[in-house]
Amino acid sequence: MRTADETTSAGFDYIFPAIRGVQAGREFYVSMCPLRLIPRIFLFDDDELAPEVRAQRVLNKGRLPALTRYLLDNPDNYVFSALTASVDGDIHFEGIAGEGPGMRAGQIRVPMSARFLINDGQHRRAAIEQALRENPELGNETIAVVFFHDAGLERCQQMFADLNRHAVRPARSIGVLYDHRDDLANLTRLLAMRSPVFRGHIEMESSNLSKRSRKLFTLSALHFGTKCLLQGVKVDNERAATLTQAYWEAVDAQVPDWSLIRQRTLSAPDVRRDYIHSHGIALHALGRLGNTLLQESTSPAKWRSRLKPLRTVDWSRSNTDWEGRAMTGGRVQKSHQNLTLTVNYLRHHLGLELTPEEQSVEDAYLLGEA
C-alpha cells in the first residue's frame with residue numbers, strides 16, 4: 001500500500017492507509033502520517049483573521065520552543081498524541097474487503113486540491129516543522145491523524161470547542177510524580193519517599209489537600225519549595241539530594257508542629273486550619289529563604305544556626321501580621337504578592353536583607369497599611 005506522499009498517476013490523490021469509524025452518524029478515518037508530510041499538507045488558519053472566521057485559536061508561538069526541544073531531545077522516547085484534521089474536499093474510502101472486519105480497514109483517497117485544516121494539534125504541527133529543520137531524520141517517523149470531512153466553518157469551530165470542552169490539565173502533583181525526565185521532579189519524589197520529614201505525609205496525586213486529609217503537603221508544593229531552594233545553586237544531582245534533605249530537616253527542627261503531626265500528637269487538618277506553616281505558601285517561602293542561605297554557603301554547618309529564629313515565628317492564623325501577607329480576608333492565598341510578603345516577613349525574623357523587588361513590594365504593602 002502506498003503512503004500519502006506517493007500519489008496515484010492518474011487521479012493526483014493523496015492516499016492514506018486508514019481505519020473507518022462512525023461518530024454521531026458521520027464517518028471519520030484514523031491514519032498514520034509521516035512527520036515530513038505534516039508541515040506540507042496540514043494547515044492552520046491565518047493569525048490575522050478575525051476570531052469569528054477562524055476555526056481555531058491563534059498559534060501561541062511561546063509554546064513552540066519547549067515542544068520542539070522536547071521532540072529533539074527525546075528522539076527515542078517522545079510521545080505525541082494524534083492530530084485532528086478536517087478535509088475540505090472529497091474523501092473516498094476503499095476497504096480491503098466488502099464485508100466483515102475488512103470493511104473498516106483500507107485506504108482513503110483525498111484529492112491534492114483538498115485543504116487539510118487542523119482542528120486540534122496546531123502546536124504539535126508547528127513544533128514538528130521546526131524540529132524537522134534541525135533533525136530531518138525525524139521525517140520518517142509517523143503520527144496518528146484523525147480525519148473528518150469538513151462540513152463548513154461553523155462545524156469546524158464547534159469541533160474545536162468540543163475537543164477542548166472537557167480537556168483538563170493534570171494536577172501539578174501527578175505531573176511531578178510521573179515525570180522521569182526532569183532531575184528536580186526525580187529529586188522531589190525522592191524527598192517525598194525517603195526524607196523523614198515528608199515520608200508518608202505527602203499527597204502524591206492531587207495538588208490540593210482536602211480539609212480532612214492527613215497529609216502535610218502536596219507533592220507540587222514540595223516541588224515548588226525545593227525548586228526555589230536550589231535556584232541558581234551550583235551542585236550536582238547527588239549533592240543536591242543530600243543538601244535539600246539536610247535543609248528541610250533543619251527547617252523541621254525549628255517548626256515543632258510538623259513532627260507532632262508525624263507523631264500523631266496533632267492532626268494535620270487541625271494544624272492546617274490554625275497555622276500557616278502547613279500550607280504550600282510556607283514551603284515555597286521557606287525554599288526562597290533557604291536559597292539565600294545556600295547562595296552564601298552550601299555547608300550546613302554555616303546555615304543551620306541561621307534558621308534558629310524560625311522557632312520564634314508565630315505561625316498561627318490569629319497572628320494579625322499574616323493578614324495581607326499570607327492571608328487575604330482570613331484565607332490563605334498564594335499570589336506572587338502574597339508569597340513575596342510572606343518571604344519578607346520571614347527574612348525580617350532571620351535578619352536577612354530584602355532584594356530590591358522584595359523591598360518594592362514591602363514598601364507598597366506598608367504604604368497601604370498606613
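pLDDT is the predictor's confidence in each residue, from 0 to 100.

**Figure 1. Confidence along the chain of this predicted model.** The protein chain has an average pLDDT of 87, and 88% of its residues score at least 70. Confidence is highest in helix α7 (residues 219–230), where the mean is 96. The lowest value belongs to helix α4 (residues 153–165), with a mean of 65. Over residues 1–10 the pLDDT is below 50; the model nevertheless gives this stretch 22 contacts beyond near neighbours in sequence. Residues 48–53 also have pLDDT under 50, and the model shows six contacts for them beyond four places in sequence.

**Figure 2. Salt bridges along helix α3 (residues 122–134), with Glu-129 joined to Arg-125 and to Arg-133.** In the salt bridge between Arg-125 and Glu-129, the closest N and O atoms are 2.8 Å apart. These two residues both lie in helix α3, four residues apart, which is about one turn of the helix. Glu-129 forms a further salt bridge with Arg-133, where the closest N and O atoms are 3.6 Å apart. Glu-129 and Arg-133 are likewise four residues apart in helix α3, so about one helical turn separates them. The three side chains differ in accessibility. Arg-125 counts as buried because its relative accessibility is 7%, which falls under the 20% limit. Glu-129, at 27%, counts as partly exposed. Arg-133 is exposed, with a relative accessible area of 60%, a value over the 50% limit.

**Figure 3. Other salt bridges in the model, including a network that links Asp-13, Glu-94 and Arg-109.** The structure holds 15 salt bridges. Asp-13, Glu-94 and Arg-109 are connected by a network of them. Another salt bridge joins Arg-273 to Asp-274, with 3.1 Å between the closest N and O atoms. Asp-274 is partly exposed, at a relative accessible area of 31%.

**Figure 4. Surroundings of Ser-316, in the loop between α12 (300–303) and β11 (327–328).** Ser-316 counts as buried because its relative accessibility is 11%. The side chain of Ser-316 makes a polar contact of 2.7 Å with the side chain of Asp-314. Leaving aside residues up to four places away in sequence, Ser-316 touches Asp-274, Tyr-275 and Trp-322. Asp-274, one of these, is also the partner of Arg-273 in a salt bridge.

**Figure 5. The aromatic pair of Tyr-14 and Phe-16.** A search of the whole structure finds 18 aromatic pairs. Tyr-14 and Phe-16 form a tilted pair, with 6.2 Å from centre to centre and 40° between the planes. Both residues, Tyr-14 and Phe-16, are buried.

**Figure 6. The edge-to-face pair of Phe-217 and Trp-258, within a cluster of linked rings.** The ring centres of Phe-217 and Trp-258 are 5.3 Å apart, and their planes stand at 80°. Phe-217 lies in strand β10 (residues 217–218) and Trp-258 in helix α9 (residues 256–262), so the pair ties together parts that are 41 residues apart in sequence. Phe-217 is buried, at 2% relative accessibility. Trp-258 is buried as well, with a relative accessible area of 0%. Ring pairs link these two residues with Phe-198, Tyr-247, Trp-248 and Trp-303 into a cluster.

**Figure 7. Arg-304 over the face of Trp-303.** Arg-304 lies at 5.9 Å from the ring centre of Trp-303. Trp-303 belongs to the ring cluster that includes Phe-217 and Trp-258.

**Figure 8. Asn-119 in strand β7 (residues 115–120), with Ser-86.** Asn-119 counts as buried because its relative accessibility is 0%. The C-alpha atoms of Asn-119 and Ser-86 are separated by 6.7 Å, while the two residues are 33 residues apart along the chain.

Conventions:
Residues are numbered from 1 along each chain as its sequence is written. Side-chain values use heavy atoms; hydrogens and water are left out. A salt bridge is a side-chain nitrogen of Lys or Arg within 4 Å of a carboxyl oxygen of Asp or Glu. Buried means under 20% relative accessible area, exposed over 50%, partly exposed in between (1.4 Å probe, protein chains only). Rings of Phe, Tyr and Trp (its six-membered ring) pair if their centres lie within 6.5 Å; planes under 30 degrees apart count as stacked, over 60 as edge-to-face and the rest as tilted. A charge sits over a ring if NZ of Lys or CZ of Arg is within 6 Å of the ring centre and within 35 degrees of the ring normal. A polar contact is a pair of N or O atoms within 3.5 Å; within protein, one must be able to donate a hydrogen and the other to accept it, and residues adjacent in sequence count only if both atoms are side-chain atoms. Contact means heavy atoms within 4.5 Å.
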